[in-house]
Every structure is written in structure tokens, then in C-alpha cells.
Amino acid sequence: METVRSLTVKSQRATATELFDTLLLLLKAHPHWRIDALVSQLLVPAMPMDIAAQLAQLDQLKGWLDSFRPLSPAVLAELKQRYDVRFTYNSNAIEGNTLTQNETELVLAKGIAVGGKTLIEHLEVVGHKEAIDYVETLAQAESPIGEWEIRQIHALIMRQIAPTEAGQYRQLDVKAAGTEHVYPPHYLLPELMTEFVQWLITESSRLHPVEAATEAHYRFVSIHPFRDGNGRTGRLLMNLLLMRAGFPIAIIPTQQRQRYLEAIIQGQRSQDDLAPLMAIVMESVRESFVETLALLATATDSRGQGKPFYEEIMEFLKTHGETRKLS
Ligand SMILES: Nc1ncnc2c1ncn2[C@@H]1O[C@H](COP(=O)(O)OP(=O)(O)OP(=O)(O)O)[C@@H](O)[C@H]1O
């Protein structure tokens with residue numbers, strides 16, 4: 001039977017295709033080994049890495065993902081289904097929606113109403129999914145992202161829940177729930193949003209795409225142009241920018257809610273220090289890369305296209321396979 005040892009020995013002389021066959025055999029023989037867990041171990045640094053090193057690692061992952069392009073319709077459909085559910089579940093849960101991930105999937109895939117959950121919670125799921133579909137359309141277009149598009153994202157999230165507010169800037173001053181932080185006064189919103197969109201078009205393109213998406217999210221939620229739904233709109237906007245740059249989306253897990261809010265507050269308190277928020281977004285993007293690559297590397301229709309990726313896994317096994325416990 002194939003073992004990690006035989007794989008590591010083979011990796012010194014076999015071709016990438018042969019190694020890939022061996023890897024598949026190994027994964028079949030050890031169904032509890034997950035290729036994404038394996039790759040995560042490879043990528044999660046033993047020593048803390050600075051932001052530049054982490055961005056370089058994300059660029060490397062992007063290179064591997066690009067080596068699989070064009071992605072097959074089957075792979076694209078599978079990724080969309082997974083990410084629509086997970087993004088909707090986590091973003092809505094951060095906002096307070098009590099539907100579980102499985103319940104969110106039932107609502108989206110089968111249109112089933114979940115007992116004991118409010119109509120509003122169901123409408124939030126449907127609205128968020130519609131906003132994702134719209135953001136995906138925008139990601140394919142080349143036109144700049146302006147205020148109209150941002151208001152439209154908000155309108156799709158809110159139109160069934162608060163139709164009079166959907167897509168409309170707030171007409172009153174608001175403060176952050178649970179803190180004393182006061183958002184900019186409402187009469188400044190037109191000016192602040194014009195400046196924000198200007199920044200998106202010009203300055204943001206000078207940053208690494210992951211930095212640009214993170215900073216756009218932070219700037220947007222700190223302006224807080226809507227009465228409600230700013231967090232969800234901001235997370236969609238961040239992912240729109242990531243998608244446009246060819247990166248997978250960042251899903252901030254609901255378990256990280258507190259860390260995420262503290263990262264935003266840290267930015268507001270310390271002259272826009274975005275390091276903590278960057279750490280969360282970079283981790284989330286890396287997770288999505290690893291999962292996407294694991295799906296691609298093992299999909300039959302990707303065979304032969306992921307050579308650098310397989311080689312990297314093999315290199316890892318060669319150096320670490322015998323000493324690390326694979327889980
Ligand atoms: N000082 C702050 N404290 C808490 N949240 C802040 C702060 N500044 C900006 N925010 C952002 O505001 C969001 C909450 O705003 P709002 O309630 O309008 O959005 P939501 O989409 O309804 O909810 P949520 O973002 O919780 O999902 C937070 O998720 C965060 O992104």
C-alpha cells in the first residue's frame with residue numbers, strides 16, 4: 001500500500017503526473033487525511049510572518065490557482081454553491097441572524113422555510129444571495145465601482161426587509177452598537193462617499209489587491225453611509241474587489257466576530273492601523289485559496305494543469321512527511 005514514505009521516496013524521481021496519481025491513491029487509502037489540511041500545514045507559518053511575506057504567499061497561491069485556469073464549469077458550480085452558502089451564513093450570523101449554515105443552505109438550495117426562525121431572517125438570506133449574484137456580475141465587468149453600484153448592493157440586501165431604506169444614505173446620525181464610537185454626521189455623507197469612490201478609482205490601485213480590499217472595507221464601514229446593513233455591504237464590497245483582482249473571496253467566520261470588530265475599532269483608535277484587520281482578511285483569503293486548490297488538484301478534469309501545485313505539495317511531503325503528523 002502507498003504510504004507517505006513511498007510518496008516521499010518517489011517524489012525524488014517521479015513525474016508530477018505520477019506523483020499526483022500516488023497522492024490520489026494515498027488520499028483514497030486514508031480518507032481521514034484532507035488535502036486542504038495538508039496544504040494548510042504547509043502554509044501556516046511556524047514563525048509569524050510580516051504582512052509583506054504573507055502577501056507574497058498569497059501571490060504564490062494565486063499563481064497556482066491561475067495555473068488551473070480556465071476552471072471547468074463543474075468546478076465553478078461547486079465553488080459557487082459552497083461559497084454562496086458559507087458567505088451568506090457567516091456574514092448574516094455576524095449581523096445577528098440565527099440560521100445555521102445547514103439551514104441557510106436549505107433556504108438557498110431548496111427554498112425551504114425553517115421552523116422557529118423569523119421571516120426577516122429568511123429574507124436576509126435571500127437578499128444576501130441576490131447581492132452576491134449582483135457582485136459577481138460586477139466582478140466580470142470593467143466599469144469602475146461607483147456610488148450607484150454600492151447603493152445597489154445595499155438595496156438588494158435590504159429591499160425586502162426595509163424597502164424605504166434600501167440603497168438610501170441615512171438621514172440621521174448613528175453610533176456603533178455597544179460602543180461610544182460616533183460615525184460621521186449624516187450631512188457629510190455625500191461628500192465622504194464621493195471621496196471614497198475617488199479613492200477606490202485612483203489610490204486603491206496602488207496597493208496590493210488584498211490590502212486595497214481590506215482598506216476599502218475599513219473606509220466604507222467607518223463612513224457607515226446607511227442606517228443598517230453597512231457591515232454586510234462592506235464585506236460584499238471587499239469581496240467584489242478581491243474577485244476583480246482574481247483572488248478568492250474572504251469569508252470572515254462568525255466565530256471571529258469579536259476579533260473582526262476589535263480590528264476595526266483598533267484602526268479607528270490608532271490612526272488607521274490596519275494590521276489586525278489585514279491579518280484576518282489575509283487568513284480568510286488563504287483559507288479560500290487552500291480549499292479551492294484542494295478541490296482543483298483532485299478534480300479529474302484538472303489533471304495535468306496543476307503541476308506546480310502538486311510539486312509544491314510533494315516538496316513539502318519530501319521534507320516534512322515523515323516528521324509531521326498528518327491530520
Ligand atoms: N466602531 C465600530 N464598532 C463596531 N462596528 C463598526 C465600527 N465601525 C465600523 N463598524 C462596522 O459596522 C458594522 C455594523 O454595522 P451595521 O449594523 O450597519 O451593519 P449590518 O450589516 O447590519 O451588521 P453587521 O456588520 O454586524 O453584520 C460592523 O460589522 C463593522 O463592520
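**Exercise 1.** State which residues Glu103 touches, where Glu103 lies, and whether it is buried or exposed.

*Solution.* Begin with the contacts, where contact means heavy atoms within 4.5 Å: not counting residues up to four places away in sequence, Glu103 touches Thr98, Val114 and Lys117. Next, locate the residue: Glu103 is in helix α6, residues 101-110, where helices (H or I, at least four residues) are DSSP runs numbered from the N terminus. Finally, Glu103 counts as buried because its relative accessibility is 18%, and buried means under 20% relative accessible area, exposed over 50%, and partly exposed in between (1.4 Å probe, protein chains only).

Before going on, note that this is a predicted model, in which local features need pLDDT of at least 70 and side-chain atom pairs count only at pLDDT 80 or more, while totals for chains, interfaces and linings use all residues. Residues are numbered from 1 along each chain as its sequence is written, and side-chain values use heavy atoms, with hydrogens and water left out.

**Exercise 2.** Describe the surroundings of Asn97 and find the polar contacts of its side chain.

*Solution.* First, place Asn97 in the loop between α5 and α6, and note that Asn97 counts as buried because its relative accessibility is 6%. Then look for polar contacts (pairs of N or O atoms within 3.5 Å; within protein, one must be able to donate a hydrogen and the other to accept it, and residues adjacent in sequence count only if both atoms are side-chain atoms). A polar atom of the Asn97 side chain lies 2.9 Å from the backbone nitrogen of Leu99, and a polar atom of that side chain lies 3.1 Å from the backbone oxygen of Glu121. Leaving aside neighbours within four places in sequence, Asn97 is in contact with Asn92, Glu121, Glu124 and Val125.

**Exercise 3.** Examine the backbone at His224 and at the bond between Arg69 and Pro70.

*Solution.* As background, most residues other than glycine have a negative phi, and most peptide bonds are trans. His224, although not a glycine, has a positive phi of about 55°; His224 is found in the loop between α10 (209-223) and α11 (230-244). His224 counts as buried because its relative accessibility is 14%, and, leaving aside neighbours within four places in sequence, His224 is in contact with Arg170, Val174, Tyr183, Leu189 and Asn230. The UniProt record, an unreviewed entry, places the feature "active site" at His224, though such annotations may be inferred rather than shown by experiment. Turning to the other site, a cis peptide bond with omega of about 0° joins Arg69 and Pro70, and Pro70 lies in the loop between α4 (51-67) and α5 (73-95).

**Exercise 4.** Work out which residues surround the ligand and which polar atoms approach it.

*Solution.* Start with the residues that have a heavy atom within 4 Å of the ligand: 19 residues surround it, and the closest are Glu95, Asp228, Arg235, Tyr260 and Gln268. Next, consider the atoms: an oxygen atom of the ligand is 2.7 Å from an N or O atom in the side chain of Asp228, and an oxygen atom of the ligand is 2.9 Å from a polar backbone atom of Arg232. A polar side-chain atom of Gln268 lies 2.8 Å from a nitrogen atom of the ligand. Lastly, the ligand taken alone exposes 600 Å², of which the protein buries 89%, with accessible areas coming from the Shrake-Rupley method and a 1.4 Å probe.

Technical notes. Helices (H or I, at least four residues) and strands (E, at least two) are DSSP runs, numbered from the N terminus.
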